[in-house]
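Trainee: I would like to go through the terms used for this model and check what each one rests on.
Mentor: Then ask about them one at a time.

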Amino acid sequence: MLYMVIEIFRDGAEPVYRRFHEKGRMLPEGLVYVDSWVTEGMKRSYQLMSTDSPELLKKWMAEWDDLVLFEVSPLISSQQAE
């Protein structure tokens with residue numbers, strides 16, 4: 001299943017990108033990063049993730065929740081919505 005993960009940076013993007021460069025994405029096995037976009041001004045990130053286990057999303061978010069507030073929306077395709 002696909003998930004849109006909105007990250008709101010608590011103290012700006014710098015601490016988030018610093019950790020990313022030091023430790024990588026820290027994805028548990030079975031959680032796949034698809035793509036991401038960052039707003040101008042670097043206050044939010046939109047990440048498309050894929051997994052069959054929502055628990056893996058929770059595990060990944062726990063690695064970042066000191067720096068990021070999360071909003072997660074499960075997605076279905078437009079074809080599935082018809």
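**Terms and their grounds**

Mentor: In this predicted model, helix 2 (residues 54–62) lies across strand 1, strand 3 (44–50) and strand 4, and runs at about 15° to strand 1.

Trainee: Why is L75 called partly exposed?
Mentor: Buried means under 20% relative accessible area and exposed means over 50%. L75 has 31%, so L75 falls in between and is called partly exposed.

Trainee: What makes L75 eligible for a surface patch?
Mentor: Patch residues need over 30% relative accessible area. L75, at 31%, therefore passes that cut-off. L75, which is found in strand 4, forms a nonpolar patch with L2, V32 and V34, and together they have about 280 Å² of accessible area.

Trainee: How do you know that strand 1 and strand 4 pair?
Mentor: Pairing requires at least two bridges. Eight bridges join strand 1 to strand 4, so the two count as paired, and they run antiparallel. One of the bridge partners in strand 4 is V72, which is matched with V5.

Trainee: Why are strand 2 and strand 4 said to stand at the edges?
Mentor: The four strands form an open sheet in the order 2-3-1-4, with antiparallel pairing. Strand 2 (32–38) and strand 4 each have a single partner strand, so one side of each is left without a neighbour in the sheet.

Trainee: Which residues of helix 1 are buried?
Mentor: In helix 1 (residues 13–23) they are A13, P15, V16 and R19. These buried residues pack against strand 1 (2–9) and strand 4 (68–75).

Note on methods: Residues are numbered from 1 along each chain as its sequence is written. This is a predicted model: local features need pLDDT of at least 70, side-chain atom pairs count only at pLDDT 80 or more; totals for chains, interfaces and linings use all residues. Side-chain values use heavy atoms; hydrogens and water are left out. Buried means under 20% relative accessible area, exposed over 50%, partly exposed in between (1.4 Å probe, protein chains only). Contact means heavy atoms within 4.5 Å. Patches are made of residues with over 30% relative accessible area and no salt bridge: like charges are joined within 9 Å, nonpolar side chains (Val, Leu, Ile, Met, Phe, Trp, Tyr) within 5 Å. Accessible areas come from the Shrake-Rupley method with a 1.4 Å probe; for residues, only the protein chains shown count as cover. A salt bridge is a side-chain nitrogen of Lys or Arg within 4 Å of a carboxyl oxygen of Asp or Glu. Axes are lines fitted to C-alpha atoms, for helices over the stretch in contact, and angles run from 0 to 180 degrees between N-to-C directions.
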